[in-house]
Amino acid sequence: MNLFTRISSRTKKANLYYVTLVALLCIASYLLGIWQNTAVNPRAAFDDSDGTPCEGFTRPNSTKDLDFDAHHNIQDPPPVTETAVSFPSCAAALSEHTPCEDAKRSLKFSRERLEYRQRHCPEREEILKCRIPAPYGYKTPFRWPASRDVAWFANVPHTELTVEKKNQNWVRYENDRFWFPGGGTMFPRGADAYIDDIGRLIDLSDGSIRTAIDTGCGVASFGAYLLSRNITTMSFAPRDTHEAQVQFALERGVPAMIGIMATIRLPYPSRAFDLAHCSRCLIPWGQNDGAYLMEVDRVLRPGGYWILSGPPINWQKRWKGWERTMDDLNAEQTQIEQVARSLCWKKVVQRDDLAIWQKPFNHIDCKKTREVLKNPEFCRHDQDPDMAWYTKMDSCLTPLPEVDDAEDLKTVAGGKVEKWPARLNAIPPRVNKGALEEITPEAFLENTKLWKQRVSYYKKLDYQLGETGRYRNLVDMNAYLGGFAAALADDPVWVMNVVPVEAKLNTLGVIYERGLIGTYQNWCEAMSTYPRTYDFIHADSVFTLYQGQCEPEEILLEMDRILRPGGGVIIRDDVDVLIKVKELTKGLEWEGRIADHEKGPHEREKIYYAVKQYWTVPAPDEDKNNTSALS
């Protein structure tokens, strides 16, 4: 055996001894551990019943304070524990319920200056807690532009106008639908021909006239036909003996509201409209110290036009048909002319049945004439010209923003707006001149960009919003700068931009400077419109805005009232608010879901998309034995 073999044999024996020694020490240690554990609890070494500590076993102290919970996780929203609220259907007779224009309530108010016919809302305890039903046979309206000329009879089941205005071509009834030939009291050849007549007197085609207001609008054919000329009209008329005229307008897909010139300001800001129109609207313009023309002046943009057709214009040829004396009509026109001059308006033209006046671009000359014409005086500087929610209509001239005396008389007070369509996205004068300190030009442009992104996301959530022609009448309950409406400007829709009177900033003037339309509103009250006005409702932070002022179910019931069956709703708000809102809408029988913010799931603000289900009152024979929700 050589040397290498002997060394290797010795190494193997040494390794064997080492391994044997280690094994003996491990066995001894194991047995010692068993003995110690058995001394504490004899059952522990043999208990494998369910993997839980056995009776009498105490966990080592070293594990007592360990915490394996995450300390930076997003909290889940608290579970809703309230019992779901159910809202029953109102009686069938209330299918056209308009809470703030109730005929019975109006009888409590003065007849002077038609105060009784303006807006009067029920007390909080009088508000109905039921869902306004659609009439039996209600159908989804015709799509625009077909809806301009035709509507379902079942949706507005009133034939009074077809009789009263039969010879004036307002509306015709045939079989199961109404037809709107575009006629009017002062335009028997149709609204299109009438607008052509106006277009020969002032330019309606160059984009300088974008927003109009039609007082005493009838079924709003004037506004309906202006739409094809890129002019959006705010049409209004009272709820009076001409039953449902505003409802007809809305059913046609034309912007309109219930309203009247009485004792309070119209719910629009100053310098809003490029054109104001009255076609035999029967408003006593020269009476009450000219207060109604002063209100038109307040809402008319510098350089804007006022158009009057009907009594007393062209009275020399018309007086016999109007069944009034020549002296009476002459005195009325003289009175109107005097008020217009006192407002510093210039009469542009009178031709046949049309008369047109123009408001000055600024008040440089008008201030000088005050030295001679003492009346009307300028309104006080502490009277906010944009405040128009239950604000008394005063007999004073609303002063235009200051301009330098050295400037030209054509200098537009408050700033000139761009022509349409550039006007939509151009920086509005109120923003450019710093009238709203918190909104810089940069912030305005960023807001416009933001809403283009948001509306693009909305169309993915609500395929009906993305479907061209599915929706026509839209309302934005908290419009801010009108970004939502601006992002939809190329779609065949119109948007009623609402600025809540509780909003931090009064931005409605900016919205009009963009060439959009809107109104003021307190959402703790009902809107001045009929049930089923809108196809789609957008509500951005509305429920957060009204926390502590009224209950969310009151706002939701109003939303349900003005929304058409099958209409869509998008509500964006804090996630906790939306969870409560979603629970309440179960009682309205809306179908909806909460989706993530467009930036992703980590934003607390979420989006609730819902659809109002289609339902109507039962057929008349089925309804005989039904008890009213209000009996």
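Reader: In which loop does Pro421 lie?

Author: In this predicted model, Pro421 is in the loop between α10 (364-369) and α11 (429-432). The peptide bond that leads to Pro421 from Trp420 is cis, with omega near 10°.

Reader: Where is Pro145 found, and is the peptide bond from Trp144 to Pro145 cis or trans?

Author: Pro145 is found in the loop between α2 (103-106) and β1 (150-152). The bond from Trp144 to Pro145 is cis, with omega near 10°.

Reader: How many aromatic pairs does the structure hold?

Author: There are 20 aromatic pairs in the structure.

Reader: Why is the pair of Trp306 and Trp357 called tilted?

Author: Two rings pair if their centres lie within 6.5 Å, and planes that are neither under 30 degrees nor over 60 degrees apart count as tilted. The ring centres of Trp306 and Trp357 are 5.2 Å apart and their planes stand at 35°, so this pair is tilted.

Reader: What makes this pair a tie between parts of the chain?

Author: Trp306 belongs to strand β8 (residues 300-309) and Trp357 to strand β10 (residues 354-358), so the pair ties together parts that are 51 residues apart in sequence.

Reader: How do you know whether Trp306 and Trp357 are buried or exposed?

Author: A residue counts as buried under 20% relative accessible area. Trp306 has 1% and is therefore buried. Trp357, with 2%, is likewise buried.

Reader: What kind of aromatic pair do Tyr458 and Phe484 form?

Author: Their pair is tilted, with 6.3 Å centre to centre and 55° between the planes. Tyr458 is in helix α12 (residues 441-461) and Phe484 in helix α14 (residues 483-487), so the pair ties together parts that are 26 residues apart in sequence. Both Tyr458 and Phe484 are buried.

Reader: Which residues form one aromatic cluster with Phe153?

Author: Tyr173, Phe178, Phe180 and Phe248 form one aromatic cluster with Phe153.

Reader: What makes it correct to say that Arg370 sits over the ring of Phe378?

Author: The distance part of the rule asks for CZ of Arg within 6 Å of the ring centre. The charged end of Arg370 is 5.9 Å from the centre of the Phe378 ring and sits over that ring. Arg111 lies over the face of Tyr116, at 4.2 Å from the ring centre.

Reader: How many cavities of 30 Å³ or more does a search of the whole structure find, and what volume has the largest cavity?

Author: The search finds 4 such cavities, and the largest cavity has a volume of about 290 Å³. It is lined by 22 residues, of which Arg119, Ile258, Gly259, Pro267 and Ser528 are the closest to its centre. The elements that give two or more residues to this lining are β6 (256-258) and β13 (518-521). The largest share, 3 residues, comes from β13. By class, the lining has 13 nonpolar, 5 polar and 4 charged residues.

Reader: How do you know where the largest cavity lies with respect to domain 1 and domain 2?

Author: Domain 1 (133-371) and domain 2 (420-610) both give residues to the lining, so the largest cavity lies between them.

Reader: Which residues line the second largest cavity?

Author: This cavity has a volume of about 60 Å³. Its lining consists of Arg265, Ala291, Met294, Glu295, Arg298, Cys379, Met393, Asp394, Cys396 and Thr398. By class, the lining of the second largest cavity has 5 nonpolar, 1 polar and 4 charged residues.

Reader: Why is Asp352 called exposed?

Author: Exposed means over 50% relative accessible area. Asp352 has 57%, so the residue is exposed. Asp352 lies in the loop between β9 (346-351) and β10. Although it is not a glycine, Asp352 has a positive phi of about 55°.

Reader: What makes Ser541 and Glu603 count as partly exposed?

Author: Partly exposed covers the range between the 20% limit for buried and the 50% limit for exposed. Ser541, at 24%, falls in that range and therefore counts as partly exposed. Glu603, at 34%, also counts as partly exposed. Ser541 is in the loop between β14 (534-540) and α16 (542-545), and its phi is positive, near 60°, in a residue other than glycine. Glu603 is in the loop between β16 (590-595) and β17 (605-612). Glu603 and Asp574 are 29 residues apart along the chain, and their C-alpha atoms are separated by 9.0 Å.

Key. Residues numbered from 1 in each chain as written. Predicted model: local features only at pLDDT ≥ 70, side-chain atom pairs only at ≥ 80, totals over all residues. Heavy atoms only, no water. Phe/Tyr/Trp six-rings, centres within 6.5 Å; stacked < 30°, edge-to-face > 60°. Helix = DSSP H or I, 4+ residues; strand = E, 2+ residues; numbered from the N terminus. Buried < 20%, exposed > 50% of the residue type's maximum accessible area, 1.4 Å probe, protein only. Lys NZ or Arg CZ within 6 Å of the ring centre and 35° of its normal. 1 Å grid on protein atoms, 1.4 Å probe; cavity = no way out; pocket = protein on both sides within 12 Å on 5 of 7 lines; lining within 4 Å. Points joined across faces, edges and corners; volume = space filled by probe spheres on them. Nonpolar A, V, L, I, M, F, W, Y, C, P; charged D, E, K, R; others polar. Domains from an automatic or database assignment.
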